[in-house]
Amino acid sequence: MSIPIVRAVAELRRTVAEWRRHGLKVAVVPTMGALHEGHLSLVRAALGRADRVIVTLFVNPKQFNSAADLAAYPRTEHEDAAKLAPLGAHILYAPFASEMYPEGFATTVSVAGVSEGLCGAFRQGHFDGVATVVAKLFLQTGADLAFFGEKDFQQLHVVRRMARDLDIPIEIVACPTVREEDGLAMSSRNVRLSRSERQAAPKLAAILYDAAARIAGGAPVDATLEEARSAITAAGYARIEYLELRAEEDLAPICFLVMNTFLFIWFLALSVRFEEQTQLLHLFE
């Protein structure tokens, strides 16, 4: 069993047009490859909602701030295709960079508001790259549904706003973060961790959950976040780019507890970037 791999947008559109003639619903799962169980859970969710599922694999150079980070990003197309085949996904769309950004390409999609602050403050142009490539993937696939993980929560907001503002007729479906048994959020970047870094990484989620529980219990927000910063530093992470309380609906900064609140953190372990967040809402239930 194998999954068809499509490189050209013209071929992709011909296939989707044929599906449309039969009245089939189409879903897309955008990825940059190096697939793990988190990605596969998105594919399963898509298969549960649509008749045909396209998984995209494109390491998008426009969303990387560092040439070294782009070069180091894992590329495992053969293994990814093998993981997708038994699930029943229908196409792996893996275009070359020249297909996505042909000579003379000069358009950038930029989403204001939700792209600002958090990761946007430290990764200049990152979300422009995300919005641009995702807009192209939505238009190329013509999908009815698109599935994204909540792990990259700010990205999820950027994609939703982009699709809404550009009147792209697609439903954005958010799926829960999938974690390892020890609590570490699954990420394609995890393979770049050293043994000591991998052993320390789950401490982040534990510290975040503890801070969220304390805030939900009435502890002062600023003091609790400062203690969490100290705990994270003590766990071996010297550089914390942000640790903030944000509203779920629009990612607006808040300094007191309300319903539908998320606690966000972005930190670096040597050259590997991580993002974590936890929702405080469930602590009220």
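1. Let me start with how the chain packs. Contacts between residues 24 or more positions apart make up 72% of the protein's contacts with a separation of 6 or more. Keep in mind that this is a predicted model. The protein has 285 residues, of which 51% count as buried, and its secondary structure comes to 11 helices and nine strands.

2. R246 gives a concrete case of residues far apart in sequence. R246 sits in strand β7, which covers residues 239-247. Its C-alpha atom is 9.5 Å from that of L118, although the two positions lie 128 residues apart along the chain. Is R246 buried or exposed? With a relative accessible area of 7%, R246 is buried, because buried means under 20%.

3. D80 is the residue I'd look at next. D80 belongs to helix α4, residues 77-84. D80 is buried, yet has no salt bridge. Which side chain of opposite charge is nearest to D80? That would be K83, at 4.9 Å. A salt bridge has to be within 4 Å, so K83 at 4.9 Å from D80 doesn't make the cut.

4. What does D80 touch, then, once its neighbours within four places in sequence are left aside? The contacts of D80 are G33, A34, L35 and L57. One of these, L57, turns up again in the lining of the largest pocket.

5. On to that pocket. The largest pocket holds about 210 Å³ of space. Its lining includes R7, along with L57, F58, V59 and P61. R75, T76 and E77 line the pocket too, and so do A94, P95, F96 and A97. By class, that lining is eight nonpolar residues, one polar and three charged. E77 in this lining is also where helix α4 (residues 77-84), the helix of D80, begins.

6. Now the salt bridges: the whole structure has eight. I'll go through a few, beginning with E18 and R21, whose closest N and O atoms are 2.5 Å apart. Why might these two be placed to meet? E18 and R21 are three residues apart in helix α1 (residues 9-21), so about one helical turn separates them. As for exposure, E18 is partly exposed at 33% relative accessibility, whereas R21, at 62%, counts as exposed.

7. K151 and D152 form another of the bridges, with their side chains meeting at 3.2 Å, N to O. K151 is buried, its relative accessible area being 17%. D152, at 25% relative accessibility, counts as partly exposed. The cut-off matters here: buried means under 20%, so K151 falls on one side of that value and D152 on the other.

8. The last pair is R214 and E227, a salt bridge whose closest N and O atoms lie 2.4 Å from each other. This pair links distant parts of the chain: R214 is in helix α10 (residues 202-216) and E227 is in helix α11 (residues 221-234), with the two 13 residues apart. R214 is partly exposed, with a relative accessible area of 32%. E227 is partly exposed as well, with a value of 40%.

9. If you open the model, here are some places to click on. Try D80, buried and without a salt bridge. Then go to R246, buried in strand β7. Finish with R214 and E227, the bridge between helix α10 and helix α11.

Technical notes:
Residues numbered from 1 in each chain as written. Predicted model: local features only at pLDDT ≥ 70, side-chain atom pairs only at ≥ 80, totals over all residues. Heavy atoms only, no water. Helix = DSSP H or I, 4+ residues; strand = E, 2+ residues; numbered from the N terminus. Buried < 20%, exposed > 50% of the residue type's maximum accessible area, 1.4 Å probe, protein only. Lys, Arg positive; Asp, Glu negative; His and termini not counted. Contact = heavy atoms within 4.5 Å. 1 Å grid on protein atoms, 1.4 Å probe; cavity = no way out; pocket = protein on both sides within 12 Å on 5 of 7 lines; lining within 4 Å. Points joined across faces, edges and corners; volume = space filled by probe spheres on them. Nonpolar A, V, L, I, M, F, W, Y, C, P; charged D, E, K, R; others polar.
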